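Trainee: Could you take me through this one? I would like to start with the charged contacts and then move on to other things.

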Amino acid sequence: MTSAALRIAWHEYITNVRRPAFLLATFVLPFVGIAVLALVLGMAAPTVDRWAAAETARVGVVDATGNLVPIQPAYVAHYQAFATEEDARVALNAGQLSGYLVADPAFRETGEVMAWTRRDVRIQRDGLSRAWLRPFLLAAILRGRVDEATLAVVESPSFGDVEAQVLGGPLRDDRRATQIGVTMAPFFVAMLLAMTIFAASNYLLRSVTEEKENRVLEMLLCAVTPMDLLTGKVLGLGALSVTQVAVWPVYAAVPLVLGSLAPPLRAALDPVLIAFSLVYFVLGYLQFAVLMAAAGALGTNMRESQQIGGQFALFSMIPFFLAPMLLFDPNLGLARFLSFVPLFAPTMMMMRLPFGQVPALDIALSLAISAVTVPAVIWGSARVFRASLLVYGKRLTVREILGALRQA
Amino acid sequence: MEPAIRAEGVHKAFSSVVAVDGLDLRVERGEIFGFLGPNGAGKTTTLRMIADLLRPDRGVLRVLGSSPHDARPRVGYLPEERGLYRDLGVMECLVYFAQLRGVSRWVAARRAGALLERLGLADRARAPVRELSRGLQQKAQIAATLMHEPELVIFDEPFQGLDPVNVEVVRRLIQDLAGEGRTVVVCAHEMSLVESLCGRLAMIYRGRIVLTGELTAIRAQFSPDAFDVLPAPVAEHWPEVGSVEAIPGGSRLFLRTGASSSDLLRRLAASGMSVTEVSRVRLPLESIFLRVVGS
């Protein structure tokens with residue numbers, strides 16, 4: 001590393017750290033992120049505690065089988081028997097019920113009931129979800145067929161819950177308490193980091209394009225080599241991104257104060273996860289930053305450079321599209337495949353890791369591939385960067401780019 | 001001591017376009033050298049190779065006795081495509097460029113102050129570059145080129161956008177640089193300025209040097225064997241004169257082959273006419289340029 005590269009890095013850092021766009025992204029964006037996180041957790045709350053949510057629910061029961069009625073004492077708070085459907089419908093329309101069930105004679109064999117409700121009723125909140133009705137119906141079917149102890153087990157709210165354990169150590173203790181929040185919070189942090197890669201790379205693209213447009217580049221290249229320039233910019237603007245990321249934990253204080261967000265936040269701040277995420281962040285940044293620098297040098301103006309850079313960005317967004325599927329299976333075939341593909345590997349792994357146990361082989365292989373990709377991308381981009389810098393008013397052709405890559 | 005620049009058979013092509021084709025060039029140390037040529041002749045490519053911004057495909061190129069890469073710290077290059085950081089102050093910008101060249105901040109600030117003073121920009125030292133007029137930015141760029149006190153200075157179009165007063169400021173600066181023992185290569189379209197500055201020059205056309213040497217020798221080579229005489233004599237039938245052209249207030253007399261300037265002066269004296277001025281015709285550099293490029 002030359003002193004000129006360090007000087008450029010410092011210049012890039014100081015110049016950009018004062019820009020309004022940076023200040024906005026650093027001091028406003030985290031608040032938006034926290035607001036979104038709180039919103040998601042708030043929306044997830046009803047499903048997290050399905051029993052508490054339906055405390056006020058009242059469901060009518062019209063039973064032609066004698067299995068559901070009379071209502072057992074444990075359920076009278078939420079269920080009410082009706083002699084006819086007509087009576088239940090009147091109560092429903094009067095707002096006394098959130099819905100009513102009709103069990104026909106086949107219920108004993110099929111376990112199926114018909115449920116009626118109004119348009120304004122929310123299935124989850126008002127006690128008409130399958131999960132909420134299930135213990136009541138199950139108890140009705142089993143009563144008289146099994147002993148009371150077995151019935152109590154089946155009726156328990158926790159019946160059927162699965163707590164996964166992993167060989168070599170337990171999962172996070174607070175997993176059940178805020179299941180979705182705990183799973184999603186590390187993912188949001190990883191996603192923010194992954195997005196930061198592209199934001200930081202975009203700084204590089206803008207920086208190179210601006211200097212090319214202002215004709216500063218040739219003056220700079222008289223003083224330093226293209227490699228010094230590229231290294232300095234990658235370092236300086238990378239440090240800028242690290243500053244941005246480093247500021248975020250300060251905002252952790254806000255949700256920590258809000259008790260309900262503390263468990264997911266603690267999960268998001270899992271040191272092992274953060275350490276891996278940062279390694280992938282650095283590897284991902286180095287790859288995309290030099291690519292964006294080359295894109296900036298290739299374009300003849302900001303619009304053209306952003307078009308070229310946009311193509312890289314779109315290409316690199318593919319791992320983000322897999323996010324919904326990763327929630328159910330972080331070791332999805334396509335996700336694993338992309339974890340081994342150069343350029344995709346860092347972001348793909350950053351998104352897989354928060355969702356669960358990723359095989360150590362995947363981590364080792366993706367790290368190795370990314371580590372090899374970085375110097376290869378720098379090597380190629382530096383050549384394209386050098387060849388494009390002094391070309392004004394026209395874009396290099398594919399042939400010229402290949403020629404630059406071949407040049408020793 | 002090796003010359004400041006020595007190029008032998010230098011070749012550079014971009015894809016199928018040959019920009020420099022077997023260029024031979026020699027610039028001595030301490031001289032002001034003019035490097036001329038029409039647009040697209042290969043001037044900028046040649047200068048960029050000397051400044052180590054481009055590498056020759058083949059040929060020998062030595063700068064200050066070293067490879068262009070090794071000589072880079074001792075070369076100052078003012079490129080044709082130039083600019084400074086628009087949001088930085090003039091002084092801050094100059095110091096930054098000097099620091100990139102390894103000059104300490106303190107020394108850079110001192111040199112920047114002196115250069116801005118010399119170029120008449122001292123009062124704008126703190127102003128952002130974007131607030132300077134084009135001409136003043138041009139002078140700031142010239143200062144940036146000199147911040148590391150290079151031994152070889154290459155100016156590509158240094159007079160572009162300057163008013164006559166500032167042209168004179170820059171012209172004197174170039175002369176001072178040569179006076180300090182630095183080698184200066186000037187590439188400009190203002191031929192009269194090149195004439196007034198350079199002792200030697202080279203003309204490049206289609207990637208090749210088509211003319212090089214001492215300015216006086218080149219002018220003598222291209223100038224006709226003719227004299228302007230004021231007022232106009234009746235010289236059509238003089239044996240020393242081949243042809244006569246009218247010029248404002250007098251005549252241009254072209255000597256017949258074999259006749260000398262002494263023969264003409266004797267004839268003028270013998271004619272008994274009152275001659276106020278006799279001068280040898282010297283073609284301006286611009287005419288030579290047009291003639292070389294045209295041919």
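Mentor: Let us fix the term before counting: a salt bridge here is a side-chain nitrogen of Lys or Arg within 4 Å of a carboxyl oxygen of Asp or Glu. Please keep in mind throughout that this is a predicted model.

Trainee: OK, how many salt bridges does a search of the whole structure find?

Mentor: Over all chains, the search comes to 31 salt bridges. One pair to look at is Arg111(B) with Glu149(B), whose side chains meet at 3.5 Å, N to O. Arg111(B) sits in helix α4 (residues 105–118) of chain B while Glu149(B) belongs to the loop between α5 and β6 (152–156) of that chain, so this salt bridge ties together parts that are 38 residues apart in sequence.

Trainee: And how many salt bridges are there between chain B and chain A?

Mentor: Between chain B and chain A the count is 1 salt bridge, and the side chains that meet in a salt bridge there are those of Glu218(A) and Arg48(B), at 2.8 Å from N to O. Across that interface there are also 6 residue pairs in polar contact, with both residues at pLDDT 80 or more.

Trainee: Which elements of chain B supply at least two residues each to the side that touches chain A?

Mentor: Those are β5 (75–78), α3 (90–100) and α5 (134–146) of chain B, and α3(B) gives the largest share, with 4 residues. By residue type, this side of chain B divides into 12 nonpolar, 6 polar and 9 charged residues.

Trainee: What about the area buried between the two chains?

Mentor: It is about 2400 Å² between chain B and chain A, and carbon and sulfur atoms give 56% of that. On the chain B side, Glu81(B), Tyr85(B) and Leu100(B) lose the most area to chain A, together accounting for 24% of what that side buries. In terms of contacts, 27 residues of chain B are in contact with 22 residues of chain A.

Trainee: Changing topic, which residues form the nonpolar patch on the surface of chain A?

Mentor: The patch is formed by Leu23(A), Leu24(A), Phe27(A), Val28(A), Leu29(A), Val32(A) and Val36(A), which together have about 590 Å² of accessible area. Two or more of its residues come from each of α2 (20–27) and α3 (29–48) of chain A, while Val28(A) has its place in the loop between those two helices.

Trainee: Anything odd in the backbone?

Mentor: As background, most residues other than glycine have a negative phi, and most peptide bonds are trans. Here, a cis peptide bond joins Val69(A) and Pro70(A), with omega about 5°, and Pro70(A) lies in the loop between β1 (59–63) and β2 (79–82) of chain A. Another cis peptide bond joins Leu230(B) and Pro231(B), with omega about -10°, and Pro231(B) is in the loop between β10 (226–230) and β11 (241–247) of chain B.

Trainee: Where is Asp52(B) found?

Mentor: Asp52(B) is in the loop between α1 (43–50) and β4 (58–63) of chain B, and it has a positive phi of about 70° although it is not a glycine.

Definitions and conventions:
Residues are numbered from 1 along each chain as its sequence is written. Chains are lettered from A and ligands numbered from 1 in the order in which they are written. Side-chain values use heavy atoms; hydrogens and water are left out. Contact means heavy atoms within 4.5 Å. Buried area is the accessible area (1.4 Å probe) that two parts lose on being put together, summed over both. A polar contact is a pair of N or O atoms within 3.5 Å; within protein, one must be able to donate a hydrogen and the other to accept it, and residues adjacent in sequence count only if both atoms are side-chain atoms. Ala, Val, Leu, Ile, Met, Phe, Trp, Tyr, Cys and Pro count as nonpolar, Asp, Glu, Lys and Arg as charged, and the others, Gly among them, as polar. Patches are made of residues with over 30% relative accessible area and no salt bridge: like charges are joined within 9 Å, nonpolar side chains (Val, Leu, Ile, Met, Phe, Trp, Tyr) within 5 Å. Accessible areas come from the Shrake-Rupley method with a 1.4 Å probe; for residues, only the protein chains shown count as cover.
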